[in-house]
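Welcome to a short guided look at this structure. Take a moment with the sequence and the view, and then we can walk through some features together.

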Amino acid sequence: MLSLLLRKLKMGRLTEKDGNLLSSQKSSKLPSSFTKSLQIRHLDCGSCNGCDWELTAIGNSLYDHQHFGIDFVASPRHADLLMCTGPGSTQLLYAAHETYEAMPKPKWVVAVGDCAINGGVFKGAYASAEGIGNVLPVDIKIPGCPPSPDNIMKALLEVMGKS
């Protein structure tokens, strides 16, 4: 946590402003049925909750993800997309794998935030997998610490072909 505080003092606001929203994307596009609606299962893989709060913010009246056909579901069996936050805590790796396996095909994984992409501020920690990509096949990465709700929405709409 001290390194996070020092980073914030050095860099100011940690949220990335603009930049590359999708650092990698699966070569195949989503099926055309996903352009109308997208069901997302959020999985906290040991995050500090910064990214979780930003995911919650995309549901407020300013971003209104449901207006675009994007919804969060309670069961992975109803999800098209798995959004992971956090570096992949060793205590949650089995749960992450089981959640991924419970999803119907075709399925995609999105790493939300620097921690989910490469471990972020938890890089080098003994209980961190240093990114969910070391556990699950990540198709889309949304960088930031945490990424802003605007960037998350832009990335989701770009994936759905609505940008």
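Let us begin at the surface, where Leu2, Leu5 and Leu6 make a nonpolar patch of about 310 Å². Of these, Leu6 lies in helix α1, which covers residues 2–11. Please keep in mind that this is a predicted model.

**The sheet**

What is the order of the strands in the open sheet? The five strands run in the order β2-β1-β3-β4-β5, and their pairing is parallel. At the edges are β2 (70–72) and β5 (140–142), each of which pairs on one side only. From one strand to the next, the twist averages 25 degrees.

To see one pairing in detail, look at strand β4 (residues 108–112), which pairs with β5 in the parallel sense over three bridges. Here Val110 stands opposite Ile140 in β5.

**Helices on the sheet**

Helix α2 (residues 50–57) packs on the sheet and touches β1 (38–44), β2, β3 (81–85) and β4. The direction of α2 makes about 135 degrees with that of β3. Helix α3 (residues 93–102) packs on the sheet too, touching β1, β3 and β4. Its direction makes about 165 degrees with that of β1.

Which residues of α2 are buried? They are Cys51, Asp52, Glu54, Leu55 and Ala57. The buried residues of α2 pack against β1, β2, β3 and β4, and also against α5.

**A salt bridge in α5**

Helix α5 spans residues 149–159 and holds both Lys154 and Asp150. These two residues form a salt bridge, with their closest N and O atoms 3.3 Å apart. The count for the model comes to one salt bridge. Side chains of opposite charge can pair when their charged atoms come close.

How many residues apart are Lys154 and Asp150? They are four residues apart, about one turn of the helix. An α-helix has 3.6 residues a turn, so residues three or four places apart point the same way.

Are these partners buried, exposed or partly exposed? Lys154 has 37% relative accessibility, so it counts as partly exposed. Asp150 counts as partly exposed as well, because its relative accessibility is 32%.

**Unusual backbone spots in the loops**

Most residues other than glycine have a negative phi, and most peptide bonds are trans. With that in mind, here are some places to find in the loops.

| Feature | Backbone angle | Loop |
|---|---|---|
| Asn49, positive phi | phi about 80 degrees | between β1 and α2 |
| Asp64, positive phi | phi about 45 degrees | between α2 and β2 |
| Lys105 to Pro106, cis peptide bond | omega near -5 degrees | Pro106 between α3 and β4 |
| Cys145 to Pro146, cis peptide bond | omega near -15 degrees | Pro146 between β5 and α5 |

Asn49 has its positive phi although it is not a glycine, and the same is said of Asp64. With a relative accessibility of 36%, Asn49 counts as partly exposed. Asp64 has 31% relative accessibility and therefore counts as partly exposed.

To find the cis bonds in the view, look for Pro106 in the loop between α3 and β4, and for Pro146 in the loop between β5 and α5. The Pro146 loop leads back to two elements we have already met: β5, an edge strand of the sheet, and α5, the helix that holds Lys154 and Asp150.

How values were computed
Residues are numbered from 1 along each chain as its sequence is written. This is a predicted model: local features need pLDDT of at least 70, side-chain atom pairs count only at pLDDT 80 or more; totals for chains, interfaces and linings use all residues. Side-chain values use heavy atoms; hydrogens and water are left out. A salt bridge is a side-chain nitrogen of Lys or Arg within 4 Å of a carboxyl oxygen of Asp or Glu. Buried means under 20% relative accessible area, exposed over 50%, partly exposed in between (1.4 Å probe, protein chains only). Two strands pair if DSSP finds at least two bridges between them. Axes are lines fitted to C-alpha atoms, for helices over the stretch in contact, and angles run from 0 to 180 degrees between N-to-C directions. Contact means heavy atoms within 4.5 Å. Patches are made of residues with over 30% relative accessible area and no salt bridge: like charges are joined within 9 Å, nonpolar side chains (Val, Leu, Ile, Met, Phe, Trp, Tyr) within 5 Å. Accessible areas come from the Shrake-Rupley method with a 1.4 Å probe; for residues, only the protein chains shown count as cover.
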